[in-house]
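Here is a short tour of one protein model, written for someone who likes to know which residues touch which. Have the structure open as you read, and follow along from heading to heading.

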Amino acid sequence: MSDVERNGDRFIVDAMVLADAFGLSPEETRTRMQGGQIASLCEQGQDKDAGRWRLTFRHQGRALRLTVDADGKIISKSTYPVGHQNTVAEA
C-alpha cells in the first residue's frame with residue numbers, strides 16, 4: 001500500500017504515516033482511530049486547488065495535515081500544535 005490511497009470519494013491513509021506523526025505504534029493508531037481519539041477531516045479543494053484534498057488528523061494537541069492529489073500522492077505534509085485535541089471550530 002502507498003502512504004495514501006483513494007477509494008472513490010474516500011482516502012485510506014497508511015497507519016504508519018499517522019503513527020510517525022503522533023509518536024504511536026501502528027496498532028495503537030488503529031485502536032485510537034476506531035475509538036475516536038484521533039479525529040479526521042477531509043476537505044476537497046476548490047477553484048485553483050481543484051483536484052487536491054486536505055486531510056487533517058488531530059490527536060492530543062497535535063495535528064497532521066496532508067495535501068494530496070486525485071491519485072492520493074502526498075503533495076505536502078505538516079504537523080503543528082492545536083488547541084483541544086479533537087475540537088473542530090464552528091462558524
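## Salt bridges

A search of the whole structure, which is a predicted model, turns up two salt bridges. One of them joins Glu28 and Arg32, whose closest N and O atoms are 2.6 Å apart. Both residues belong to helix H2 and sit four residues apart, about one turn of the helix. That spacing suits a pairing, because an α-helix has 3.6 residues a turn and residues three or four places apart point the same way. Glu28 counts as partly exposed, at 30% relative accessibility, while Arg32 counts as buried, at 17%.

The other bridge links Arg54 with Glu43, and here the closest N and O atoms are 2.9 Å apart. Arg54 lies in strand S4 and Glu43 in strand S3 (residues 39–44), so this pair ties together parts that are 11 residues apart in sequence. Arg54 is partly exposed at 34% relative accessibility, and Glu43 is partly exposed too, with a relative accessible area of 27%.

## A buried acid without a bridge

What about Asp69, in strand S5 (residues 62–69)? This residue is buried yet has no salt bridge, and the nearest side chain of opposite charge, that of Lys73, is 5.6 Å away. Because a salt bridge needs the nitrogen and the carboxyl oxygen within 4 Å, that pair does not qualify. The Asp69 side chain does, however, reach the backbone nitrogen of Lys73 at 2.9 Å. Beyond its neighbours within four places in sequence, Asp69 is in contact with Phe11, Gly51, Trp53 and Ile75.

## Helix H2

Which residues of H2 (residues 26–34) are buried? They are Pro26, Thr29 and Arg32. These residues cover an arc of only 125 degrees around the axis, which puts them on the same side of H2. They pack against H1 and strand S4 (52–59). Turn the helix round, and the face away from that buried side carries the exposed residues Glu27 and Gln34. After H2 comes Gly36, with a positive phi near 80 degrees.

## Helix H1

At the N-terminal end of H1, Asp14 acts as a cap: one of its side-chain oxygens lies 2.7 Å from the backbone nitrogen of Met16. Within the helix, Ala15, Val17, Leu18, Ala19 and Phe22 are buried. Their cover includes strand S2 (10–13), H2, S4 and S5. H1 is followed by Gly23, whose phi is positive, near 70 degrees.

Ala21 also belongs to H1 (residues 15–22), but at 23% relative accessibility this residue counts as partly exposed. Leaving aside neighbours within four places in sequence, Ala21 is in contact with Leu64 and Thr79. From Ala21 to Arg54 is 33 residues in sequence and 16 Å in space, C-alpha to C-alpha.

## The whole chain

Stepping back, the protein chain has two helices and six strands, and along the sequence they follow the pattern β-β-α-α-β-β-β-β. The C-alpha trace spans about 35 × 35 × 20 Å along its principal axes. A compact globule of 91 residues would have a radius of gyration near 12 Å, and the 13 Å of this chain agrees with that.

Buried residues make up 30% of the 91 residues. Among contacts between residues at least 6 apart in sequence, 32% join residues at least 24 apart.

Conventions. Residues numbered from 1 in each chain as written. Heavy atoms only, no water. Buried < 20%, exposed > 50% of the residue type's maximum accessible area, 1.4 Å probe, protein only. Contact = heavy atoms within 4.5 Å. Arc of directions from axis to C-beta. Lys, Arg positive; Asp, Glu negative; His and termini not counted. Polar contact = N/O pair within 3.5 Å; in protein donor to acceptor, adjacent residues only side chain to side chain. Rg over C-alpha atoms; globule rule 2.2 N^0.38 Å.
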